[in-house]
Amino acid sequence: MPNDPGAAPEPPAAGPASPPAPQSPPPARSDPPGSESPRAEPPASAIPNLPEALPGSDGPRLFDRIRRFLLGRPRDLTDRRLYHRLALVPFLAWVGLGADGLSSSAYGPEEAFRTLGQHGYLALGLAALMASTVLLISAAYSLIIEEFPHGGGGYVVATKLLGERAGLVSGCALVVDYILTITVSIAAAGEALFSLLPPAYQDWKLAFEIFLIVELTLLNLRGVRESILTLTPVFIGFLVTHVLLIGGALVMHLPDLPRTLSLAGSDFQTGLGMLGAGGMLALFVHAYSLGGGTYTGIEAVSNSLTMMREPVVRTARRTMAYMATSLAITAAGLLVCYLLYQIGHEDGKTMNTVLAERVFGEMHFGRAFVILTMLCEAALLVVAGQAGFLDGPRVLVNMAVDSWVPHSFAGLSNRLTIQNGILLMSGASVAALLYTRGNVSALVVMYSINVFLTFSLSLFGMAKVTFRSRRGRQHWRRRTTLFTSGFVLCGTILAVTTWEKFEEGGWITLLVTGTFVLVCTLIRMHYRTVQAKMDQLGAELGALPDTPAPALPPPDPSQPTAGVLVNAWGGLGVHTVLNIYRAFPGHFKGVVFVSIGVVDSGGFKGEGAVEALAASTQATLDRYVELARRLGVPADARMAIGTDVVEEGEKLCLAVARDYPRVTFFAGKIIFQRERWWQRLLHNETAIAIQRRLQWAGRTMVIMPARVR
């Protein structure tokens with residue numbers, strides 16, 4: 001609710017009964033509130049259905065009407081089937097998450113093949129190794145899904161297995177990675193599309209790419225399932241056209257395959273004489289590393305288990321199988337086709353465009369099929385940006401719960417989307433696009449470094465833990481070998497890419513990620529300092545009465561009543577109650593406690609989550625009511641459940657005012673001695689926002705300060 005995690009104010013004077021503080025109260029937290037979810041079932045009346053516009057308001061504002069038109073109506077949180085309807089079946093999960101991996105075949109194999117230069121015959125070995133790497137990493141992450149069935153991806157894996165610092169590095173790398181996922185996907189989509197147009201149109205490419213990011217942002221703000229359903233035809237179109245492209249290319253060159261293999265063998269011997277074994281190996285490893293963008297979408301599934309349909313693990317593993325199979329076949333197939341057709345670089349065209357023209361250019365309707373293929377590829381690359389919007393905000397949610405980033409990143413909009421995270425990913429990806437001017441080669445380098453940093457940390461952690469806990473584990477040798485092999489491959493790609501491309505963009509990724517790690521560390525230090533002050537506040541309140549609460553009637557509506565907005569039980573809430581009676585001795589004859597259970601990403605993880613949150617909020621209110629009665633004050637409580645604490649708080653307070661016409665509302669808020677802009681960012685301004693709305697509606701609200709020195 002409106003109470004921030006606060007710090008020590010001046011010790012208040014005693015209220016009506018000089019009450020002292022509870023012994024070691026659980027720490028309050030208001031950013032975001034209502035994240036605890038016990039299993040008790042609340043009464044059906046605990047979640048009131050209030051009208052959207054109450055007396056004293058003018059109904060929805062113009063901005064709200066426009067937002068509803070673009071993003072849709074708010075979700076009905078009282079619908080028990082809501083989570084089931086939002087969850088994704090394997091096919092839709094493959095569309096939403098697998099597009100990231102599958103679309104990387106538009107630039108990963110091309111980067112690798114281009115690096116080989118005149119030694120294109122190495123593409124056969126490269127294709128086999130690429131397919132094997134995809135299947136190996138996917139198999140490892142399928143086991144990670146089993147070990148971490150509640151999701152979280154590389155951040156949670158590294159945190160649990162290697163410690164908080166490793167988890168922080170992995171989380172920061174993932175956030176930057178998903179920003180670049182959006183950027184590189186949209187930039188590659190622009191290249192694929194504009195490769196079909198005359199050079200005169202190239203000046204419009206960057207503006208068009210920014211437009212695509214804005215469109216994806218609006219789609220994701222409407223909701224995950226809606227965005228995926230909208231983009232499903234694009235995904236299917238890509239599969240069909242590229243199966244025809246790769247299959248047609250292989251079938252048409254099937255009679256020449258023995259000659260091609262023989263020629264590749266003789267070229268290999270010639271190249272070996274030119275470069276030597278060491279030089280040949282270095283070139284091969286270099287090309288393999290720069291093709292690392294091919295594997296970048298694999299981690300997305302393990303990070304998004306919370307959006308999967310039950311049974312979650314089986315759904316996720318099936319999604320992973322779909323993704324790995326389609327990506328391995330597509331990436332390896334394209335490399336072989338580049339070799340068969342001797343595809344080279346042509347200005348203004350991608351290698352896939354050149355391949356499609358070589359395969360279908362002379363056929364009837366061949367040009368139309370080339371255009372259709374590249375349109376589907378460009379569209380799928382746009383869909384691939386979806387993975388950044390799906391997974392980046394979810395990483396931020398997990399980091400917000402652990403206080404590495406502002407707690408507001410765990411909040412949900414009334415469409416149950418992670419709105420703040422989506423907007424951050426959108427703005428940062430536009431900035432990256434402008435900085436690089438949409439250069440795909442530079443973006444792939446920047447992108448790949450963080451992907452393989454996360455892969456390496458996760459696979460190393462799993463290998464370490466599996467080996468240490470080998471006693472009593474079945475198949476521990478097989479699992480340890482799998483994780484170790486994956487770690488070696490990913491570590492090799494990371495080291496070579498960083499070394500070779502450090503001056504070509506790699507340093508930017510490392511600098512941005514390192515800065516992000518530093519900022520997160522400072523944020524965590526601040527939250528811990530404030531929480532320590534909160535604990536100190538509870539200790540300074542003294543001992544509260546522990547006698548049983550007397551049976552008192554509800555507050556008299558005809559008498560002055562204090563309406564106290566509270567969140568979790570703790571020092572700030574108790575401090576607010578006591579200070580009311582210190583500041584207004586003998587005036588208020590009763591108190592009504594008001595609380596909003598906020599549905600955030602930390603709590604919305606399955607059917608029954610809303611009911612559990614309502615039970616948690618009601619239990620908190622019951623403790624405050626009991627406290628007031630122990631102090632000899634008649635008390636009542638009201639609650640509501642929602643995603644926007646300000647909007648729901650206004651509605652609920654106005655509803656309370658109808659029942660208690662002489663009510664004056666109060667809320668506690670921490671006040672810093674020297675308030676800075678970043679303190680306003682890290683701590684919500686809920687109390688002030690609700691105060692403004694209630695004052696506009698003609699109701700009085702007083703903010704009780706808790707001072708932090």
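Here is a short chat about salt bridges and one helix in this predicted model.

Student: How many salt bridges does a search of the whole structure find?
Tutor: The search covers the whole structure. A pair counts when a side-chain nitrogen of Lys or Arg is within 4 Å of a carboxyl oxygen of Asp or Glu. On that basis, the total comes to nine.

Student: How many residues apart in sequence are the parts that E164 and R524 tie together?
Tutor: The side chains of these two meet in a salt bridge, 3.4 Å from N to O. E164 sits in helix α7 (residues 164-194) and R524 in helix α18 (residues 506-540), so the parts the pair ties together are separated in sequence by 360 residues.

Student: Is R524 buried or exposed?
Tutor: Take its partner E164 for context: that one is partly exposed, at 41% relative accessibility. For R524 the relative accessible area is 7%. The cut-off for buried is under 20%, so R524 is buried.

Student: Which helix holds both E209 and K205?
Tutor: These two form a salt bridge, with their closest N and O atoms 3.1 Å apart. They're four residues apart, about one turn of the helix. In general, an α-helix has 3.6 residues a turn, so residues three or four places apart point the same way. The helix that holds both, residues 205-222, is α8.

Student: What is the relative accessibility of E209?
Tutor: Its partner K205 counts as buried at 11%. E209 also counts as buried, and that takes a value under 20%. For E209 the value is 0%.

Student: Which strand does R638 lie in?
Tutor: R638 and D659 meet through their side chains in a salt bridge, at 2.8 Å from N to O. D659 belongs to helix α21 (residues 645-659) and R638 to a strand, so the pair ties together parts 21 residues apart in sequence. That strand, residues 635-642, is β3.

Student: What is the relative accessible area of D659?
Tutor: R638 is partly exposed, at 25%. D659 is partly exposed as well, a class that lies between the 20% and 50% cut-offs. Its relative accessible area is 38%.

Student: Which residue is joined with E164 and R524 into one network?
Tutor: Salt bridges that share partners make this network. Besides E164 and R524, it takes in R528.

Student: How far apart are the end C-alpha atoms of helix α17?
Tutor: Helix α17 (residues 476-500) has 25 residues, and at 1.5 Å a residue it should span 36 Å. Several of its residues are buried, including W476, F483 and I493. The distance between the end C-alpha atoms agrees with the expected span: 36 Å.

Notes
Residues are numbered from 1 along each chain as its sequence is written. This is a predicted model: local features need pLDDT of at least 70, side-chain atom pairs count only at pLDDT 80 or more; totals for chains, interfaces and linings use all residues. Side-chain values use heavy atoms; hydrogens and water are left out. Helices (H or I, at least four residues) and strands (E, at least two) are DSSP runs, numbered from the N terminus. Buried means under 20% relative accessible area, exposed over 50%, partly exposed in between (1.4 Å probe, protein chains only). The expected span of a helix is 1.5 Å times one less than its number of residues.
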